[in-house]
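Reader: I'd like to learn how to read the packing in a helical model. Can we go through one together?

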Amino acid sequence: MDASQLEELRNQTAEELGSELVRLRKEQFNLRMQRASELLPQTHLITKTRRDIARIKTLIREKASA
């Protein structure tokens, strides 16, 4: 995730961030299933998705405390 994508996320509402979090969780699940069945050639995507989830959760917490 680059700086422009992060800025776009910062401008989203908490509800939009929540829906993005759900989408990323589904993607993470699908990637884990592909890895388990040995159909995932790009294993770095799991780490990238996990970090994106953490970024979204951090932004949600920032908005809740503000």
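Reader: Which residues make up the largest nonpolar core?

Author: First, some ground rules: this is a predicted model, where local features need pLDDT of at least 70 and side-chain atom pairs count only at pLDDT 80 or more, while totals for chains, interfaces and linings use all residues. Residues are numbered from 1 along each chain as its sequence is written, and side-chain values use heavy atoms, with hydrogens and water left out.

In soluble globular proteins, nonpolar side chains tend to be buried together. A nonpolar core here is a set of buried Ala, Val, Leu, Ile, Met, Phe, Trp, Tyr and Cys residues joined through side-chain atoms within 4.5 Å; buried means under 20% relative accessible area, exposed over 50%, and partly exposed in between (1.4 Å probe, protein chains only). The largest one has seven residues: Leu9, Leu17, Leu21, Leu24, Ile53, Ile56 and Leu59. Helices H2 and H3 each supply at least two residues of this core; helices (H or I, at least four residues) are DSSP runs, numbered from the N terminus.

Reader: How do I read the sidedness of a helix, and which residues of H3 are buried?

Author: An α-helix has 3.6 residues a turn, so residues three or four places apart point the same way. In H3 the buried set is Ile46, Thr49, Asp52, Ile53, Ile56 and Leu59. These residues lie on the same side of H3 because they cover an arc of only 150° around the axis, the arc being that of the directions from the helix axis to the C-beta atoms. Flip to the face turned away from that buried side and you find the exposed residues Arg51, Arg61 and Ser65.

Reader: What covers the buried residues of H3?

Author: The cover includes helix H1 (3–10) and helix H2 (14–36). For H1, look at Leu6, Leu9 and Arg10, which meet Arg55, Ile56, Leu59, Glu62 and Lys63 in H3; contact means heavy atoms within 4.5 Å.

Reader: At what angle do H1 and H3 pack?

Author: About 40°, with their axes 10 Å apart. Axes are lines fitted to C-alpha atoms, for helices over the stretch in contact, and angles run from 0 to 180 degrees between N-to-C directions.

Reader: And how long is H3, from its first C-alpha to its last?

Author: H3 covers residues 44–65, 22 in number, and reaches 32 Å, close to the 32 Å expected at 1.5 Å a residue. The expected span is 1.5 Å times one less than the number of residues. H2, with 23 residues, reaches 33 Å, close to the 33 Å expected.

Reader: Which residues are buried in H2?

Author: Leu17, Leu21, Leu24, Gln28 and Leu31, and the buried residues of H2 pack against H1 and H3. Let's look at individual contacts, not counting residues up to four places away in sequence. Leu17 touches Leu9, Gln12, Ile56, Leu59, Ile60 and Lys63. Leu24, buried with a relative accessible area of 4%, touches Thr49, Asp52, Ile53 and Ile56.

Reader: Why does Gln28 count as buried?

Author: Because its relative accessibility is 15%. Gln28 touches Thr49, Arg50 and Ile53, again leaving out residues up to four places away in sequence.

Reader: Is Arg25 buried, partly exposed or exposed?

Author: Partly exposed, at 41% relative accessibility. Still in helix H2, Arg25 is in contact with Ile53 and Lys57, leaving aside its neighbours within four places in sequence.
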